[in-house]
Each structure stands twice: as structure tokens, then as C-alpha cells.
Amino acid sequence: MTILIAILAIVFIVLTFMVVSKTQSILKGLSKSEVEESEYLGAPDRYNSANGVGLFVFWLISIVGIVWSFIVYKKDFLPEASSIHGKETDYWFWVSMIVIMIGFFIVNTFLFLFSYLYRHNKNRKVTFYTHNNNLEIIWTTVPAIVMAGLVFTGLRVWTKITSEAPANAEQIDIMGKQFGWTVRYAGVDDNQFGKYNYKLMDDAGGNPMGVDFSDPNSFDDFANASEMHIPKGKPVLLKIRARDVLHSVFIPHMRVKMDAVPGMPTKFWFVADKSTADMRAELGKPEFNYEIACTEICGRSHFGMKLLLVVDEPADYEKWKKSQKPLLTENPDLLNKVPDNLKAKAQKYTSTEPVAAEATPEVVASSVLGNSSKVLK
Amino acid sequence: MSTVSQVEVHEHSEHAHEEHHELGFIRKYIFSEDHKVIAKQYLISGIVWAVLGALMSVVFRLQLGFPEMDMAWMKPFLGDWISLDNKGLGKLDPNFYLALVTMHGTIMVFFVLTAGLSGTFSNFLIPLQIGARDMASGFMNMLSYWIFFISSVVMFVSLFIKTGPAGGSWVIYPPLSALKEANPGSGDGMTLWLVSMALFIVSSLLGGINYVTTVINLRTKGMSMDKLPLTIWAFTFTAILGILSFPVLLSAALLLIFDRSFGTSFYLSDIYINGQALPNQGGSPILFQHLFWFLGHPEVYIVILPALGLTSEVIATNSRKPIFGYKAMIFSMAGIMFLAFIVWAHHMFVTGMNPFLGSVFMLLTLIIAVPSAVKGFNYITTLWKGNIIFTPAMLFAIGLVSFFISGGLTGIILGNSALDIQLHDTYFVVAHFHLVMGSAAIFGMLAGVYHWFPKMFGRMMNNSMGYIHFWITFIGVYLVFFPMHYIGIAGFPRRYYQWSGFETFNTYMDLNAFITIAAIITVFAQAVFIFNFVYSIFWGKKASANPWKSNTLEWTTPINPGHGNWPGEIPTVYRWPYDYSKPGAPDDFIPQNVPYSATPESNLPEENELIAAEKEINSIKYDTSLHD
Ligand code: HEM
Ligand SMILES: [Cu+2]
Ligand SMILES: [Cu+2]
């Protein structure tokens, strides 16, 4: 902070000094000359060359700065892709980046070079050059062709990413709310989601996701508000929804982003190809965790909507699923919501029959605002 | 706005008004119908807003660059928005952070770069450059400014209400903006935002219709469309864009007002908030986004086209060389205008919109890059073999071209829906649009101010201060926004109060601090400009009538043009505006009102043939008097 203030102070002192000294010279100048109607006040002044040279020097220094900063900061660019489509979009990102970087350097070089070369000089003869159709055609078609190439590849990748998810995809219901995420799994017994309806949502009653317990498919559904597990190497289909305002599921390492919209479920499917353990080993960071963030402004704690993502080996994943307690088990009061004719079936989940309770390995959610883990009571 | 009137008094009192009866002070300087006065009113309002918007960015940049900082020292002017934590450190309230970002965006896009830029220069230059005594309707023009003024007051007042100004970002997506329970900024602040924007839209429609009508109907003798300066083309296209797209925003806002206050469900469906399920069903938040971006995308061209227009004029004049590819420039602008209407959904690739639509919008978006590129190339070729005079205006114009290129290129990546998945709503986007639209347009505006200041105020701005201003700002802008790309590529989401809660975004603290310092220096360097501006209005060196040796008609007016612009007859136009350094001509410029018959030494063969037509042009009878 002190550095900041010091820098500011210096800048101000310098500016004040320059302004004051300038003011004086202007005042002196004014009294001397009364201007003529036709005086050429815009004639190049003594700084003209300096400005022209300055622009080019600026550019040369910029090139050094850009290259240097790129090298220094590159290590955190596009955090290691861990999904199959992510590797592909990363590839095309860098291809496009190279293309635009070439454009960037060429065009800016011309701009600043011309500023330098053609700075005013009394003896220069200006070329009266109004148009050149060939040139115009060339520099219209060249970008058009480059664009066409990028569009073509982009479309291919986009179509693939947004295609229908494979039938065997592991489905996860993920819901955004102010301010946290809750995920729901279809359960291990029927592997079918129970229906949901926003009118059934009831935080106080232990049903924040509005699961419809008159649908027997819901009985074995389980939910989690602090972490999401997915299997490695298997398609995962996120069925995304929001219950209050817009949110957006962003999994940086997976190159996944899709808005969560109240009243309009959305989806995104992908295949993670590196487990959490793989990444820890690869990065040499035993603390590493995948994270899910929110990228659609949703209010005060938009910046704190974190959900941990754990990518398991498929076998571990199945084990984890088995260890999770269905909603009914977690909160037996929910049995009241089950219609009488289905109570018998539902009771299987509320009785305190011990589920193979294996402690979930690793990660404990440390929600920034401590709000996400409260949800399920 | 007392500054405006002050300025005017000094300006005009020494110049008796020739062709009109004297107007009282209020009609002349406050409720004036003179386009030049209205332009200055817009300019000064725009500058005031820009200062406010920039200071807001300083506050939130401090939060981002130095999240641990003690902000208690800002308590005197931010009041309750700074809360003291248990250690006694002052912390910015996260709700207020969002409100600041929202106000910053709204102010910069609408109040500074739409009203301040188009309002100033369309008003000032259209009549002067096409040779008209005033706008088609001076009264509507005045109304346009004062409605904008009321809109500004409403927006300003919203900064001071208890729950704070609107806080749902400048795009005000519902349901966040529709539900008071969701966010304090969605309460009264949002209501005022909507009222203010509705007024703003009315104002900008009144202005736009006037601009188009004036350009179509009030051109002077001989000023055919192919002799219009590129500035006028740009303003006209801008006005058309505004006329066609702002009404859509108005309807979007109206529906939002209904949803907020009258229980309708245009944008609301299936919502559970504060322990309660709302009755609204069947609405679509995505509908709002379509309507919003139907304006929102053209809006970015509304912001940049006038800046490009001003730049064309400044670059040609100061390169002492015709603008290269005059027709290509017009066609590119026309193409941009047309395409601007059909690319809006590139802001919505990941909203859950049908992926096929995504493909279509990706295709259209990448097409719009082509005319934009052509414009860049044409500017650069204009410099080639010119004889460049680096006035402050010219420096800012060159800066604009550089920003427009650097920022435009990243648009190619963002327009690619597959790549946008990762980059959408990250700092990559923030970096992109601040360069291509924000900084470029601000530079266009500054170039315009430096260049037309002599015509506006009859005095010159100080060059040396202009150079200092340019160099700090130009370097500063790159230092602020270039590293932001890096932060974006690393995935940092925008509209975040802080990132430290995420391990993934726990890097780059140094870069963020660096950006903040660069931003503070850049923002405070604008003081040099403000000083120069105010100082020069009163004590600047007296201007000559045509200080830059420029060709367009405004420079044929007296040093301080009165109401009606030309004391005598309006000049007749014979040639295009870019006859700079014509071979054979004694001078390196030939103004538009010099007939070919007077310049036999420099005429091109086909121009000699036009001499015969000059008599015809002269005999046209227009009624160019000022109507009351
Ligand atoms: C004075 C220099 C400026 C600085 C340092 C600056 C900085 C920023 C930053 C850091 C953000 C992102 C805040 C966040 O997402 O949390 C932002 C947002 C924004 N800025 Fe600027 N900006 C500046 C000037 C401008 C200008 C000239 C424009 C004109 C177009 C502009 C328009 C916007 C818009 C539209 C947003 C988005 C607001 C939103 O997310 O709702 N800014 N600015
Ligand atoms: Cu959110
Ligand atoms: Cu757009």
C-alpha cells in the first residue's frame, strides 16, 4: 500500500510540476501573439519526431514485454485439461491464438512502423493514393479464408461437444442456488431419478431440491451439497438447473461451462480422463482438488459458490455411491411426504439398517462462506 | 450543469449574433436549440460521468488487486458500504462491489460512450459538416438532451439510496434483477435504473431520428452522399443502429418492470427463494437475454462506429493524405451495421440455447470480423507514405487503431463457440471488450475533443499536456488490459469480489496488484486532460478558423460560429473531403467548397468533366434559413 501511495504521489508531483511550468509558458506566449484568422496552428511542433519515434519504440518494448510476460505467466494458463473435449478445445484455442498473434504482430508492426517512417518531414512528397481495389480484395479475402477455416473447425468441435450424451452416461442432477450447489444422484438401487418440482422445495422441511417423494424412483436418490463425485473415463451428463436466479456451472479443469436457469433445465456432458489422484501425482500437489465455480452473477456471494469435484476411478466411484445415504435415510421425516400406498416401499430406506458406511476418502468441503454444507442438515 | 452555461457566456458574449434576434440567457445556454451548445452540454455531462465511472473502477480494482487492504479511509465517502471487520479493518461490502461494477458498466457504456460520444459529436459535426444551419428539429434536439439529463439525475440519485444502486451487472439479467429478495441491488436501485434507462432510450431515439433526418434532408448544395465525410457516414449508421435496436431494449425493460411490479411472468418461472415458491410459471429468463443482446450487441457498434468515424477524419487530416479506400470504408461500416443485428446470440453460447443456433451465430460473428479488419487495414494504409503530424488528436487516433486491432483479434476466439465455453464470463472477455470497445471508443472521443476543440471553444488545447496525457494513458491502458487476458486464460471469472476461495484461482496475485496500480495511474492521469480542457476553454491560445488545414466544411465557419453556423450563405460543396496533398496543387489541402474550376492545375481527368456540372449545382435553390 505504501508503495502504491508513493508511486501516486510521485506521479502527481511530476504532473503538477509540468502543468505549472507549462501554464506559465502559455501565459507568456499568449500576451505576445494575437492569432490571425488563417494561422496554421496545427503545424508539426518540435515534439513531432519524438512522438513518431516514440510510437515505434513503444512497440518494440511492448514486444519484449509481451514475450517476457507470456513466458513468466504461461504456467497458469488454461489449467491442465482433464476432459477429453477439453484437450481438443485447448488445441484449437492455441491454434487460434497463434493465428491471431500473427495478425496482432503484423498489423501493429505496420501501424507503428508507418508512424515512425512517415513522421512529418518538410521535404517529403506525400503519395496521393485513394484506393486500390486489388489490395482491398486481397485483404478482404485473406481474413475471410482464415475465418472460414476457424469457423469450420470450431463448428466441428462445437457440434461434437453439444451432441446428445451417450445412453450410458452417468447422470447427475446439479442445482444452483444462492449461494451453493447441490448435486443429486439417481441412487444405486433403481438408477432412476425421482421427479422434482419446484413447488415441493422446502429448506426447512429438508427438501431443498424439491424431490417428489410420491415418485418411488426418488426413494434411493441421494444428494450432496459439498462435493460431487464422478467416474473417470466414463461419460458424465450434468443435468443443470437453478432454483432462484441464474447461475452457471463452471469446472475450469474440465472446460465445462453451462448456465443454470430457473425453469429451463440445461445439460452438458463430458468425459473426465484424469482422476483427482492422477492430477495430484501429475502436478506434484498432494492438496490438489478439482473445483466447481459459478460464472453467472447471482448476488452477494457469487464469488463463493464452490463445490468440490472428485474424480474417482470407476470402481471407487461405485463404492462411493454405495456409501451414500439416500435422502430418506438422511432425513426420515421426509417419509411424511410419501403417499400411504408407497410407504411400505419407502420404509426400507428409513429403517436404520446400516448401510455399508465407508468413510468418504479425502476432501472435506471448506466452503468459503460456510453456507453450502448446511443445506442438507 | 452550471459549468456549461459559464463556458457559453464567455464564448459568445463577444460575438454578437448576426442573423437572429437575441435570445435570453436561458434559451441561449441552458434550454438551447443550437446544436453546438447541445453538443457541449453532452460533452461536459459525458466527462463528468466518465470521471465518476473511472473512479468506481479504481475502488473495485483496489479490492481485486489488494483484497487484504484496509479500506477504512474510504469510509468518509462510501459510508456504510465499507464495513469494519472484527480486526477493525475496513472492508468493501460484496454487495456494493457488485453495485459498483454495475454502475461502472452502465455509466461507461451508456452515459459516456453513447450519450457523451454520439451526443457530442453527432450534434456538433452533422450540421457543420453537411452544411446545415442546425439540426432538422432544434426543439427535439434540446428535448433529447434534457431527457438525457433527467435520466442522468435519476441514475445519479440511485447511487445514494439506502439499498444502493442496481447490482445485477449492466446486463441486468432476471431473475436476479427481478426479485427484490435476491439482492439488495434489485430493490429501489433497480427501479431507478430501469426508469433512468427508459428515459435514456427516449432521449437517444429523439437524437437518432434527428441525426438521420438531418443528414438525409439538410445537406448543402452539392453535398451528395458520396461527398460526405466518413464521420457523417459513421454517425448516420450509428443513429440507424440505435433507432432500430433501442426500442427492443425498451420493451425488454418494460416487461421486466411488469415482472417486478405487476406480478407478470415474462421472465420468471419455477422460482423458490427465501423459503418460498413463487407462483410465476412459464416465463423465460433466456427471453430477456435475447431481447437485451438484440440491443446489446448493436450497442457496442453504437459505441465504436462514431469513434471510428472521428478517427477517419483525424487520420486523413494529419497524415495529409486522402483516407484510403473511402468507398470500402463506407461499405465496411454498412456491412458492420447490418451484421451487428444478427450476431447478438454470441453472448449466449452457454445459456442452454439450442446448440444449432450457437453454430449459426458463430458463423455470423466470424463474418463480422472481416469488415472490421478491412477498416483497420485502410487506416494503416492511409498512414503509408503520408506526412504525419502527431497532434494529440492524431496520437489518440493511432492509439484507437491499435486497440481496435488488439481487442478485435481476441473476438475471433470468443466468437468461436467451442472456445467460448471456457472463456465466457472470465477476464478474457473483460480484457477483450475493454480494448476493442471501451478504450478504443474513449480514445476516439479524446481524439475528437482535441481535434474539434478549436471549433467548439475558439481556443486551442495545449499540445504538451496532450502528449503527456496520451503517453500515460496509452501505455497505461495496455498495462491494465493486456495482462487481464492472462488472468482470463487462467479461468478467473468476472464479477468476483475475490478469488481466494478457490484453489484454482489462487494465483496471479502479483498480476492483479500490478493491474490495479496501472489502472490507478491511468485514471489519475486523466486529471491532466481535465485540467487542459478547462484551462484551455478560458485561457487557451486563440484558435484560427482552420487550425489543422482541414477540408471539411466546419472549418469554413468563423472562429466562433454563431447560431446558424455561417454568417452569410452556406458554402456549396464540389468535391470529396479528402483532397489532401493532391499532385499539382499549391497547398496540401483543398477544402470541399473549392470548385474544380478553380483548381485546373490539380484536377484529375474525370474531375475536369465535372466542371460543367458546377453551374447546375450553383443554381440549386435551397431554403437554408433557420426556421423558428
Ligand atoms: C478506467 C479504466 C477502466 C478500468 C480500470 C476498468 C476495469 C474494469 C474491470 C476490472 C471490470 C470487471 C469487474 C468485474 O467483473 O468484477 C470492468 C467491467 C466493465 N467495464 Fe470497465 N474499466 C475501465 C474503463 C471502462 C470503459 C472505458 C468502459 C466502456 C465500455 C468500461 C466498461 C465496462 C463494462 C461494460 C463492464 C462490465 C460490467 C459488468 O460486468 O456488468 N470500462 N471494468
Ligand atoms: Cu451463482
Ligand atoms: Cu456482441
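In this predicted model, five helices of chain B each supply at least two residues of the shell around ligand 1: α3 (35–65), α5 (94–130), α14 (427–457), α15 (463–489) and α16 (509–539). The shell is made up of 17 nonpolar, six polar and three charged residues. Of the 26 residues around ligand 1, those that come nearest are Y97(B), H104(B), W170(B), H434(B) and R495(B). Ligand 1 occupies the space of the second largest pocket.

Several side chains place a polar atom beside an N or O atom of ligand 1, as the following table shows.

| Side chain | Atom of ligand 1 | Distance |
|---|---|---|
| H104(B) | nitrogen | 2.8 Å |
| R494(B) | oxygen | 3.1 Å |
| Y427(B) | oxygen | 3.4 Å |

H104(B) thus appears both among the residues that come nearest to ligand 1 and in a pair with a nitrogen atom of ligand 1 at 2.8 Å.

A second site holds the copper ion (ligand 3). Its protein donors are H297(B) through ND1, H346(B) through NE2 and H347(B) through NE2, and they lie 1.5 to 2.0 Å from the ion. Along the chain, these donors follow the spacing H-x48-H-H. H297(B) belongs to helix α9 (residues 285–319) of chain B, while H347(B) belongs to the loop between α10 (326–340) and α11 (355–383) of chain B, so the pair ties together parts that are 50 residues apart in sequence.

Is H297(B) buried or exposed? H297(B) has a relative accessibility of 6%; because buried means under 20% relative accessible area, H297(B) counts as buried.

How values were computed:
Residues numbered from 1 in each chain as written. Chains lettered and ligands numbered in written order. Predicted model: local features only at pLDDT ≥ 70, side-chain atom pairs only at ≥ 80, totals over all residues. Heavy atoms only, no water. Near = heavy atom within 4 Å. Polar contact = N/O pair within 3.5 Å; in protein donor to acceptor, adjacent residues only side chain to side chain. 1 Å grid on protein atoms, 1.4 Å probe; cavity = no way out; pocket = protein on both sides within 12 Å on 5 of 7 lines; lining within 4 Å. Sits in = over half its atoms within 2 Å of the grid points. Helix = DSSP H or I, 4+ residues; strand = E, 2+ residues; numbered from the N terminus. Nonpolar A, V, L, I, M, F, W, Y, C, P; charged D, E, K, R; others polar. Donors = N, O, S within 2.8 Å, 3.2 Å for Na, K, Ca; no water. Buried < 20%, exposed > 50% of the residue type's maximum accessible area, 1.4 Å probe, protein only.
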